[in-house]
Amino acid sequence: MTEPTPPHIEPATLVARLREYISPHDPTWAARIQPCTDEDLAHYAGLAGLGAAADALPAAYRAFARAMGGDCGGLFKGLRIDTRVREIVTLYQEYQQFEPDAINPLLPVVGLYIVGDQISLDLRAAAADPAVADTSNGEWVQPLSRSWEALVMQAAVLYVEPRRLPFARWYSRPASRSKVDPAVLHAALAGFGAPVGLIEAWPSDAGHSILVSAPSSLYMTIHADGSALLYAFSADRSFLQRVDAELAPSLGMTHRGTARLIAGSLQDSAEAP
């Protein structure tokens, strides 16, 4: 396994790389995605204050929306985010009518949490593939991902790994009153993973540490309040036993459980009907 995730190259190839990566583990995914039209994108861009053309949107987001802005085929289900352009347009239409101050062209909404607020491209600093942030009605809340393409691939890894590997466990640490340096958690994960051949996947960033190999993988998200969530996937139960005994305690993980796919998303198996 030389590439743990699709390579990071030309934004126009984003969807082709996703198909190549996901299809061996879910052959139906590519048939389920639905595009949105340039008219939809232009309508969205205009409502968001970005101009009246789809070309006003960053290239990676534009490529994503043109291929799956109607339906992402469940790609973002694990992150509990709705990326349908028409749902975002509906939000902006409500803003126009009831809360026009929430329309912030520097933070255009690109997703809606199933429970919670929004996610937005962060255009406050010029970048070809801008960062993505958690937002609330036009206000920046906290960083989410270093770029839209990275967020898409973070979602893709979380989509593929429970379909690729048969065993999964989750671990979590609570929010901390004292400041936690994310670098310490990243280093602990890397120190555990390197001796067993885990390779850092390129979508990793300050809030995501993703290590992948053919037989096992680790996927950790770190939040500003010091809380963290870790998924461990493997074809080898002894790997998960080592995560239980060694890695989880070193990360301050105090809760754990078995995870599996339920209705297409990764959940605690105790939630199974």
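**Exercise 1. Overall fold**

Task: State how many helices and strands the protein chain holds, and decide how its radius of gyration compares with the globule rule.

Solution. Step 1: in this predicted model, the protein chain has eight helices and 12 strands. Step 2: its radius of gyration is 19 Å, and the globule rule gives 19 Å for 273 residues. The two values are close, so the chain is as compact as a globular protein of that length. Step 3: along the principal axes, the C-alpha atoms of the chain fill a box of roughly 55 × 45 × 40 Å. Step 4: 49% of the 273 residues count as buried. Step 5: among contacts with a separation of 6 or more, 58% join residues 24 or more positions apart.

**Exercise 2. Helices α4 and α6**

Task: Classify the packing of helix α4 against helix α6 from the angle between them, and describe the contact by residue and by class.

Solution. Step 1: helix α4 covers residues 59–68 and helix α6 covers residues 148–164. Their axes are 8 Å apart and meet at an angle of about 45°. Step 2: an angle under 35 degrees would count as roughly parallel, and one of 65 to 115 as roughly perpendicular. The angle here makes α4 oblique to α6. Step 3: α4 contributes Ala 60, Tyr 61 and Phe 64 to the contact, while α6 contributes Trp 148, Glu 149 and Val 152. Step 4: sorted by class, the contact has five nonpolar residues, no polar residues and one charged residue.

**Exercise 3. Ala 150 in helix α6**

Task: Determine whether Ala 150 is buried or exposed, and find which residues beyond its sequence neighbours it touches.

Solution. Step 1: Ala 150 is found in helix α6. Step 2: its relative accessibility is 0%, so Ala 150 counts as buried. Step 3: with residues up to four places away in sequence left out, Ala 150 touches Ser 145, Trp 202 and Pro 203. Step 4: Asp 205 is 55 residues from Ala 150 along the chain, yet their C-alpha atoms are separated by 8.4 Å.

**Exercise 4. Ser 217 in strand β9**

Task: Locate Ser 217, assign its burial, and identify the side chain to which a polar contact joins it.

Solution. Step 1: Ser 217 sits in strand β9, residues 216–222. Step 2: its relative accessible area is 2%, so Ser 217 is buried. Step 3: the side chains of Ser 217 and Glu 161 are joined by a polar contact of 2.8 Å. Step 4: apart from neighbours within four places in sequence, the residues in contact with Ser 217 include Glu 161, Arg 164 and Leu 165, as well as Tyr 231, Ala 232 and Phe 233.

**Exercise 5. Gln 118 and Asn 137**

Task: Describe the surroundings of Gln 118 and the backbone of Asn 137, and say which atoms bring the two residues together.

Solution. Step 1: Gln 118 belongs to strand β3, residues 118–122. With a relative accessible area of 7%, Gln 118 is buried. Step 2: Asn 137 lies in the loop between β4 (131–136) and β5 (139–145). Asn 137 is partly exposed, at a relative accessible area of 29%. Step 3: phi of Asn 137 is positive, about 50°, although the residue is not a glycine. Step 4: a polar atom of the Gln 118 side chain lies 2.8 Å from the backbone nitrogen of Asn 137. Step 5: the contacts of Gln 118 outside four places in sequence also include Ala 133, Asp 134, Thr 135 and Ser 136, along with Leu 91, Tyr 95 and Val 109.

**Exercise 6. The loop between α4 and β1**

Task: Assign the exposure of Gly 70 and Arg 80, and state the sign of phi at Arg 80.

Solution. Step 1: Gly 70 lies in the loop between α4 and β1, and so does Arg 80, with β1 at 81–82. Step 2: Gly 70 counts as partly exposed at 26% relative accessibility. Arg 80 counts as partly exposed at 45%. Step 3: phi of Arg 80 is near 55°, a positive value in a residue other than glycine. Step 4: Gly 70 touches Gln 34, Pro 35, Cys 36 and Arg 84, not counting residues up to four places away in sequence. Step 5: the C-alpha atoms of Gly 70 and Asp 40 are separated by 9.5 Å, with the residues 30 apart along the chain.

How values were computed. Residues are numbered from 1 along each chain as its sequence is written. This is a predicted model: local features need pLDDT of at least 70, side-chain atom pairs count only at pLDDT 80 or more; totals for chains, interfaces and linings use all residues. Side-chain values use heavy atoms; hydrogens and water are left out. Axes are lines fitted to C-alpha atoms, for helices over the stretch in contact, and angles run from 0 to 180 degrees between N-to-C directions. Helices (H or I, at least four residues) and strands (E, at least two) are DSSP runs, numbered from the N terminus. Angles under 35 degrees count as roughly parallel, over 145 as roughly antiparallel, 65 to 115 as roughly perpendicular and the rest as oblique. Contact means heavy atoms within 4.5 Å. Ala, Val, Leu, Ile, Met, Phe, Trp, Tyr, Cys and Pro count as nonpolar, Asp, Glu, Lys and Arg as charged, and the others, Gly among them, as polar. Buried means under 20% relative accessible area, exposed over 50%, partly exposed in between (1.4 Å probe, protein chains only). A polar contact is a pair of N or O atoms within 3.5 Å; within protein, one must be able to donate a hydrogen and the other to accept it, and residues adjacent in sequence count only if both atoms are side-chain atoms. The radius of gyration is taken over C-alpha atoms; the globule rule is 2.2 Å times the number of residues to the power 0.38.
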